[in-house]
Amino acid sequence: MTTETALIIGLLIVVSWLAYEYWRAYRKLLHRLKDNDHSSETAHKKATKILDEAQVEAVKILKAARTGAVTHRAQLGAKMDAALNAVADREIKDFKNALEMETIHVEKAVGQKIATRYDEVNKEVEDYKVKQMALVDQKVNKAVVQVAQKILGKTINPRDHQELVLKALEEAKQNGLFD
Amino acid sequence: MDYLTKDQVDALKQEIDILINNKYQSKKNESVRDSTLQELERRKISPENWKKELDTLRIFKLTLAYEPTRINILTYANWIKKTVGADVILDVTVDPKLVAGAQIVWNGKYQDYSLTEIVYAELQRLLN
């Protein structure tokens with residue numbers, strides 16, 4: 001055996017080994033590709049499934065959210081209505097109270113004014129009455145006195161008059177009027 | 001002639017004034033009484049002097065509650081002449097409000113001896 005033969009053989013061996021390794025690598029690659037394909041499909045399926053589930057779940061959540069929103073809105077509306085009603089009631093009540101208070105105040109003030117004015121007018125009337133009564137009394141008294149004086153003056157006869165005049169003159173004399 | 005009241009003296013003064021004004025007329029004036037002419041003759045004084053004499057008479061004011069009779073006036077005048085003086089004449093006025101008695105004004109002094117106040121007070125007491 002020559003070197004060349006040995007080299008050829010060796011070369012053949014190497015080539016065979018390389019071919020084997022190549023074939024094995026090729027097989028491995030194919031297998032890997034096959035695996036990859038399978039994994040990809042599985043992943044795709046999984047992804048699709050996840051997406052579907054996610055979509056269903058999302059729909060569920062959306063439905064629930066919508067339902068919750070409707071319910072919440074209804075509850076909120078009811079709460080707002082209740083709150084608004086409460087506020088409105090309170091406002092109305094406050095206004096009513098204020099109005100009542102104001103009405104009472106005004107009534108009281110007007111009543112007080114009327115009472116004061118009534119007292120004033122009453123006093124004026126009483127004063128006027130007293131004044132007029134006094135005037136009437138005065139006039140009546142004066143008239144009575146005048147009538148009485150006239151009657152008395154005429155009732156006394158000239159002789160009695162003379163006696164009273166002489167008595168007056170004597171009294172004046174005693175009082176020193178002629179001294 | 002005895003002078004009793006101021007009215008008499010005033011009337012006499014008016015007659016004397018006529019006599020003074022008609023001194024030089026021979027015709028008798030109807031407004032002068034015979035008694036006045038006789039008194040002037042009796043006194044033997046001029047009308048002017050007689051008037052001056054009358055002006056010296058003092059006036060005694062007497063307010064009465066009634067219209068006095070001539071007898072009443074004579075009575076008061078005599079009383080006054082006897083008590084106060086012969087040269088005093090009476091000036092009488094009437095005020096029915098006095099009721100009775102008299103108010104006297106003499107020598108600038110006033111005295112009320114009427115029954116006005118007494119009667120008025122009594123009437124007031126009865127009315128009240």
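Good morning. I begin with chain B, where strand 3 and strand 4 form a hairpin with two residues between them. One residue in that turn, B:N107, has a positive phi of about 55 degrees. I should state at the outset that this is a predicted model, and the phi value is computed from it.

The two strands of the hairpin run antiparallel, and six bridges join strand 3 of chain B to strand 4 of chain B. As one example of the pairing, B:W106 has B:K109, in strand 4 of chain B, as its bridge partner.

I turn next to helix 5 of chain B, which covers residues 116-127. This helix has twelve residues, and from its first C-alpha to its last it reaches 16 Å, close to the 16 Å expected at 1.5 Å a residue. Is helix 5 of chain B buried or in the open? The number of its twelve residues that are buried is one, so helix 5 lies largely in the open.

Now to the contact between the chains. On the chain B side, 26 residues are in contact with 23 residues of chain A. Which elements of chain B give two or more residues to this side? They are helix 4 (70-83), strand 3 (101-106), strand 4 (109-114) and helix 5. Both strands of the hairpin described earlier therefore appear in that list, as does helix 5. By residue type, the side of chain B that touches chain A divides into 17 nonpolar, seven polar and two charged.

Finally, chain A itself. Its secondary structure consists of two helices and zero strands. Of the 179 residues in chain A, buried residues make up 4%. Thank you.

Methods
Residues are numbered from 1 along each chain as its sequence is written. Chains are lettered from A and ligands numbered from 1 in the order in which they are written. This is a predicted model: local features need pLDDT of at least 70, side-chain atom pairs count only at pLDDT 80 or more; totals for chains, interfaces and linings use all residues. Helices (H or I, at least four residues) and strands (E, at least two) are DSSP runs, numbered from the N terminus. The expected span of a helix is 1.5 Å times one less than its number of residues. A residue is buried if 20 or more other C-beta atoms lie within 10 Å of its own, exposed if 12 or fewer, and partly exposed in between; C-beta atoms are placed from the backbone. Two residues are in contact if their C-beta atoms, placed from the backbone, lie within 7 Å. Ala, Val, Leu, Ile, Met, Phe, Trp, Tyr, Cys and Pro count as nonpolar, Asp, Glu, Lys and Arg as charged, and the others, Gly among them, as polar. Two strands pair if DSSP finds at least two bridges between them.
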